[in-house]
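Visitor: I would like a close look at one part of this model, the surroundings of the ligand, followed outward into the strands and helices of the chain. Please take your time over it.

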Amino acid sequence: MSTATATVELADIAVSFPANDGTDYTAVADIRLCVEAGTFVSVVGPTGCGKTTLLNAIAGLLTPSSGKVLIDGEPLRGLNERVGYLFQQEALLPWKNVLDNVAFGLQLRGIGRAAREAAAREWIRRVGLTGFERAYPHQLSGGMRKRVAVAQTFLVDPDILLMDEPFGALDVQTRQIMENELLELWTGSGKTVIFVTHDLDEAVSLSDEVVLLSAGPASHIVGRYPIDLPRPRDLMDLRARPEITEIYARIWADLREEVMKGYERSSGYAAD
Ligand SMILES: Nc1ncnc2c1ncn2[C@@H]1O[C@H](COP(=O)(O)OP(=O)(O)OP(=O)(O)O)[C@@H](O)[C@H]1O
């Protein structure tokens, strides 16, 4: 695994989209954030505030209307090749088995069959799927498919992991197991993680810092909360600690306010 690390900086980013009425809708504005290399940062905020938009800007899938994405101080141009992107919905190819799905990223990079299969088998082992190399996605549970996606993402060894509610569709027990496994895989990897979630508990327990976005439009950062809990973390133990309840309560008070504002704006209802 490479030990390269990447600092991700959002320098005064704004993103607008054309709206149906011919005007522009400003999703995010004045976003200034530096995610230090090798840290794990979660982004939370009301629905539709622009979390995915920020990940897409870092991935180079969209160009900000103003401002810049800087990777190690260099302005990003085009697709960000140092990024691995894990979505809530799986992007597994249904006609390829587990081995070929995991190895696919290396195939795209022109790596020969023997080398890519050896690397894929190692990652299949690390995510606990040995014995399922020949299975197809439809033969696996949701948790197992997610493991395949995690192996696929880690195999190409990206310096930056963008994760958009990656475990949102899993049942609670599988989710907790996957969160722990993600931390184990990430520990010592030097990868910079930007993790979007609706689950504040997940954000607090995984991260070094939680970033709160305001309700849109023109969503901006309204809070940054360092999470000074020791690592390595076992999430089952961590969630029983009293400090976590305190941190959670503090962030939730602010998040709740933004969620209510978002709700009022979207329903056209203004509270006193
Ligand atoms: N391609 C697009 N064209 C027009 N509007 C868009 C586009 N992509 C996003 N938007 C709008 O920008 C805003 C931010 O969307 P985004 O998906 O980034 O929010 P989010 O915080 O990730 O939402 P959620 O929490 O519901 O997943 C939303 O109002 C959305 O409708």
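Guide: What follows begins with the ligand and then moves through the strands to the helices.

Please keep in mind throughout that this is a predicted model. The shell around the ligand is made up of Phe17, Tyr25, Ala27, Gly45, Thr47, Gly48, Cys49, Gly50, Lys51, Thr52, Thr53 and Gly216. Sorted by class, these surroundings consist of four nonpolar residues, seven polar ones and one that is charged. Two elements, β2 (24–35) and α1 (51–59), each contribute at least two residues to the shell, and the largest share, three residues, is supplied by α1.

Since β2 is one of these contributors, its pairing deserves attention. Strand β1, which covers residues 8–18, pairs with β2 in the antiparallel sense, and eight bridges join the two; within this pairing, Val15 has Val28 of β2 as its bridge partner. The two strands form a hairpin with five residues between them, and in this hairpin Gly22 adopts a positive phi near 90°. Strand β1 also pairs with β4 (residues 66–71), again running antiparallel, this time over five bridges, and there Ala11 is found opposite Lys68 of β4.

Turning to another set of strands, the model contains an open sheet of six strands with mixed pairing, in the order β6-β7-β8-β3-β9-β10. The edges of this sheet are formed by β6 (83–86) and β10 (221–226), each of which pairs on one side only. On average, and with direction ignored, neighbouring strands here are turned by 15° against each other. Within the sheet, β3 (residues 40–44) and β8 (residues 192–196) are joined by four bridges and pair in the parallel sense, with Val43 standing opposite Val196 of β8.

The helices complete the tour, and α2 is a convenient one to follow, as it packs against two others. Helix α2 (residues 98–108) packs with helix α4 (residues 142–155) at an angle of about 25°, and their axes are 8 Å apart. An angle under 35 degrees counts as roughly parallel, and α2 and α4 are therefore described as roughly parallel to each other. Their crossing is right-handed. On the α2 side the contact involves Val98, Asn101, Val102, Phe104, Gly105 and Leu106, while α4 brings Val148, Ala151, Gln152 and Leu155. By class, this contact between α2 and α4 comprises seven nonpolar and three polar residues, with no charged residues.

The other partner of α2 is helix α3 (residues 113–126), where the two axes come within 9 Å and cross at roughly 125°. That angle makes α2 oblique to α3, and this crossing, too, is right-handed. Here α2 makes the contact through Val98, Leu99, Val102, Ala103, Leu106 and Gln107, and α3 does so through Arg116, Glu117, Ala119, Ala120, Trp123 and Ile124. Classified in the usual groups, the residues joining α2 and α3 are nine nonpolar, one polar and two charged. Val98, Val102 and Leu106 of α2 take part in the contact with α4 and also in the contact with α3.

Conventions. Residues are numbered from 1 along each chain as its sequence is written. This is a predicted model: local features need pLDDT of at least 70, side-chain atom pairs count only at pLDDT 80 or more; totals for chains, interfaces and linings use all residues. Two strands pair if DSSP finds at least two bridges between them. Axes are lines fitted to C-alpha atoms, for helices over the stretch in contact, and angles run from 0 to 180 degrees between N-to-C directions. A residue is near a molecule or strand if its C-beta atom, placed from the backbone, lies within 6 Å of it. Ala, Val, Leu, Ile, Met, Phe, Trp, Tyr, Cys and Pro count as nonpolar, Asp, Glu, Lys and Arg as charged, and the others, Gly among them, as polar. Angles under 35 degrees count as roughly parallel, over 145 as roughly antiparallel, 65 to 115 as roughly perpendicular and the rest as oblique. A crossing is left-handed if the near helix is turned anticlockwise from the far one by less than a right angle, and right-handed if clockwise. Two residues are in contact if their C-beta atoms, placed from the backbone, lie within 7 Å.
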